[in-house]
Amino acid sequence: MMTKHRMLPVRLFRAVLLPALVACCLASCTEFISQVDRQEDWRVKKSGDIVLYHRPPGHGSAPSPDNQQVQFILNNQNTYYGAIQDSLDIDFNDRVLIYLYNEDEADDLIGTSSGGHSIPKYNTFYYTFMTSVKEMTDNFGIENPVIGAHELVHVITHRALGYPGTRLMSEGYAVWLDGTYGGYAVDSIIVKYREEEPAKIMSPDQLLQESITRESVYYPNCGLLTRFLVHRYGVEKINQLFTTGRKNFKEQFNELTATSWSEMSREYGSFIQQL
C-alpha cells in the first residue's frame with residue numbers, strides 16, 4: 001500500500017516548482033511540464049480522492065465547466081480511481097489533482113487542446129475542457145465522459161507500480177484500462193486496421209521496439225496487446241513487467257509466464273484475426 005503524501009499547495013507548486021522545471025513534452029503523454037501559469041484564476045472542488053481545479057465562468061472566450069459538469073467529472077474520476085485499482089489488484093491512497101484548462105488556452109499552456117498530459121510524480125494531470133465530446137459509453141458504463149481514465153491510469157500506475165521501463169507498458173496500461181482512443185473503442189480501431197490498413201497492425205516485437213511511433217497507430221495496438229497479456233497470463237505477472245526495460249523484457253516475460261516471446265506472439269496474431 002502506498003503511503004499518503006501531503007499535497008503540495010497549488011501556489012507553491014505552480015509559482016515555485018514549475019518555473020524550476022524544464023518545460024517539455026516527451027513522446028508519451030506522461031511527464032509533461034506545463035508552461036508557467038501565474039494566474040490564480042481557479043476554482044477548486046474536491047470529492048473523494050480527486051481535487052479538480054477549473055476556470056470560473058467568463059475566464060476567456062471559451063466556455064468554462066458549470067457546476068453540474070464539474071460534479072460529473074469528479075464522480076467519473078472517482079469511479080475510475082477505484083476501478084483502476086481493482087483491475088490491477090493494487091492499493092493506492094494518494095489524492096490526485098486535475099487542472100482543467102479551457103479550450104481557448106489549452107494549446108498554449110499544456111500543448112494540446114484535445115486531451116491532456118500527466119505528471120505522476122506530483123499526482124497531477126492537466127486536461128482540456130472540451131465543449132464537443134463524442135457520444136459513447138466507456139468501459140466503466142459512463143456516458144460521454146468529459147475526461148476519460150487514460151491520464152489517471154498514468155498517475156496511479158507510475159506511483160503504485162514504479163516508473164515504466166517501456167512505452168509499451170506505460171501507454172499499454174492506459175489505453176487498455178480506458179478502452180478507447182480518440183473516442184473509439186480499441187477493438188473497433190484494430191478491426192478497421194486489420195480489414196482496411198493491415199500495415200497498421202503491429203506485432204509484439206514492433207510494439208516493444210516502437211517501430212511505428214505515430215500515436216494513432218501505436219496507442220490502440222499497445223492497449224490491445226496489454227489487455228491480451230493480462231487476460232492470458234494474469235495481472236499480477238504482467239504488473240511485474242511494468243518497470244522492466246526493453247533489453248530484458250523478453251527474458252523477464254519468459255521467466256514470469258513460462259512462455260516464449262515467439263509463442264506468445266503467435267497466439268496474439270491468432271487473437272487479432274479472431275477479433
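Which residue in S5 does Ile-119 stand opposite? Thr-124 in S5 is the one facing Ile-119. Before I go on, a reminder that we're looking at a predicted model.

Okay, let's stay with that pair of strands. S4 covers residues 116-119, and four bridges tie it to S5 in an antiparallel arrangement. Together S4 and S5 make a hairpin, with four residues between them. If you're checking backbone torsions, look at Asn-123 in that turn: its phi is positive, about 50°.

Now S5 itself, residues 124-129. Six of its six residues are buried, so the strand is largely enclosed by the rest of the structure. S5 also pairs with S3, this time parallel, through six bridges. On that side, Asn-102 sits opposite Phe-129 in S5.

There's another hairpin earlier in the chain, made by S1 and S2. S1 is residues 43-47, S2 is residues 50-54, and they pair antiparallel over five bridges. One of the partnerships there is Lys-45 with Leu-52 in S2. Two residues lie between these strands, and Gly-48 takes a positive phi near 60°.

Last stop, the surface. Asp-86, Asp-89, Asp-91 and Glu-236 form a negative patch, which you may want to colour up on your screens. Where does Asp-91 sit? It's in the loop between helix H2, residues 67-88, and strand S3, residues 96-102. And Asp-91 counts as partly exposed because its relative accessibility is 43%, which falls between the 20% cut-off for buried and the 50% one for exposed.

How values were computed
Residues numbered from 1 in each chain as written. Predicted model: local features only at pLDDT ≥ 70, side-chain atom pairs only at ≥ 80, totals over all residues. Heavy atoms only, no water. Patch = residues over 30% accessible without salt bridge, like charges linked within 9 Å, V, L, I, M, F, W, Y side chains within 5 Å. Areas by Shrake-Rupley, 256 points an atom, 1.4 Å probe, with all protein chains shown as cover. Salt bridge = Lys/Arg side-chain N within 4 Å of Asp/Glu carboxyl O. Lys, Arg positive; Asp, Glu negative; His and termini not counted. Charge placed at Lys NZ, Arg CZ, Asp CG, Glu CD. Buried < 20%, exposed > 50% of the residue type's maximum accessible area, 1.4 Å probe, protein only. Pairing = 2+ DSSP bridges.
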